[in-house]
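Visitor: Could you pick one part of this structure and take me through it slowly? After that, I'd like to see the rest of the chain.

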Amino acid sequence: MKILIIRHGESQADILKVHEGRADFELTERGHRQAEAMSEYVSKNYQIKKIYHSTLKRAAQTAGHLASKCNAPLIPDDHLMEFNNGLLAGLKYSVAEEKYPQTEVPAHLSVYEQESLLEFRYRTEYMMSKLLWENNDDSTVAAVTHGGMINQLYQVFLGLPTNSDFSVWTGDTGIHEWIVNGNSRILVKANYIPHDI
């Protein structure tokens with residue numbers, strides 16, 4: 001089974017320099033161009049059967065571009081939403097740093113009305129299980145989501161522990177291509193960006 005994990009395009013939050021997370025910003029004009037270019041590349045190189053996507057606008061709009069090029073059904077799923085950053089959502093970085101300073105908490109707890117690390121990991125485990133269960137071994141599917149969720153998906157894909165200090169940077173509409181064959185996991189592409197927009 002082939003899975004394409006794709007980050008959304010540039011959003012209004014990138015321009016405003018605010019914490020995004022669960023703040024529901026739309027794509028910018030540049031973000032739409034990025035999504036269109038990514039979709040053109042994917043449609044020419046893969047036979048996508050289904051497109052799972054976060055229900056936040058920036059991901060849903062990116063997935064819409066992909067669906068129009070690949071003629072594949074859209075499957076919205078809240079489990080693919082970005083980390084629930086609670087009271088930080090939509091705040092300018094400087095304001096958030098002053099009002100809600102970073103603090104360490106154990107994986108089962110959270111601060112500032114955020115979800116805990118364990119809750120975030122559970123959503124990711126659920127989503128990976130769903131992708132594998134609902135699709136055939138010879139299928140190619142896409143999941144359009146967010147940078148934080150992509151990091152969590154990598155941890156699940158690679159079998160890393162919840163508290164692993166591991167991250168993968170993903171640019172606007174960056175593509176990660178994975179192959180799952182039984183217990184075998186193959187990383188084919190990481191943060192491939194097929195445009196210069």
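Guide: Here is a close look at Glu115, followed by a tour of a few other places and then the whole chain.

A bit of housekeeping comes before that. This is a predicted model, in which local features need a pLDDT of at least 70 and side-chain atom pairs count only at pLDDT 80 or more, while totals for chains, interfaces and linings use all residues. Residues are numbered from 1 along each chain as its sequence is written, and side-chain values use heavy atoms, with hydrogens and water left out.

Now to Glu115. You'll find Glu115 in the loop between helix 4 (93-99) and helix 5 (117-133). Helices here are DSSP runs of H or I with at least four residues, strands are runs of E with at least two, and both are numbered from the N terminus. Because its relative accessible area is 9%, Glu115 counts as buried. The cut-offs are under 20% for buried, over 50% for exposed, and partly exposed in between, using a 1.4 Å probe and protein chains only.

What does the Glu115 side chain reach? One partner is the backbone nitrogen of Asn84, at 2.9 Å. The side chain of Arg123 is another, joined to the Glu115 side chain by a polar contact of 2.6 Å. A polar contact is a pair of N or O atoms within 3.5 Å; within protein, one must be able to donate a hydrogen and the other to accept it, and residues adjacent in sequence count only if both atoms are side-chain atoms. If you set aside residues up to four places away in sequence, Glu115 touches Arg22, Glu82, Phe83, Asn84, Ser110, Phe120 and Arg123. Contact means heavy atoms within 4.5 Å.

Stay in that loop for a moment, as Tyr112 also lies between helix 4 and helix 5. Tyr112 has a phi near 55 degrees, a positive value in a residue other than glycine. With a relative accessible area of 23%, Tyr112 is partly exposed. Thr173 has a phi near 55 degrees too, again positive and again not in a glycine. Thr173 sits in the loop between helix 6 and strand 5, and its relative accessible area of 0% makes it buried.

Pro161 is in the loop between helix 6 (147-158) and strand 5 (175-181). At 47% relative accessibility, Pro161 is partly exposed. Not counting neighbours within four places in sequence, it is in contact with Arg121 and Gln155. Pro161 and Gly9 are 152 residues apart along the chain, and their C-alpha atoms are separated by 29 Å.

Ser54 is another buried spot, with a relative accessible area of 0%. Look for Ser54 in the loop between strand 2 (50-53) and helix 3 (57-70). Its side chain makes a polar contact of 2.8 Å with the side chain of His146. Beyond four places in sequence, the residues that Ser54 touches include Asp77, Leu80, Met81, Val144 and Thr145.

Val144 turns up again in a distance from Gln12: the two are 132 residues apart along the chain, with 18 Å between their C-alpha atoms. Gln12 belongs to helix 1 (residues 12-16), and at 34% relative accessibility Gln12 is partly exposed. Leaving out neighbours within four places, Gln12 is in contact with Phe25, Glu26, Leu27 and Thr28.

One more stop is Leu91, in the loop between strand 3 (74-76) and helix 4. Outside its neighbours within four places, Leu91 is in contact with Val18, His19, Ala96 and Tyr100. Leu91 and Ser68 are 23 residues apart in sequence, and 33 Å apart C-alpha to C-alpha.

Finally, step back to the whole chain. The protein chain has six helices and six strands, and from the N terminus on they run β-α-α-β-α-β-α-α-β-α-β-β. Its C-alpha atoms fill a box of roughly 50 × 40 × 25 Å along the principal axes. Buried residues make up 46% of the 197 residues. Among contacts with a separation of 6 or more, 71% join residues 24 or more positions apart.
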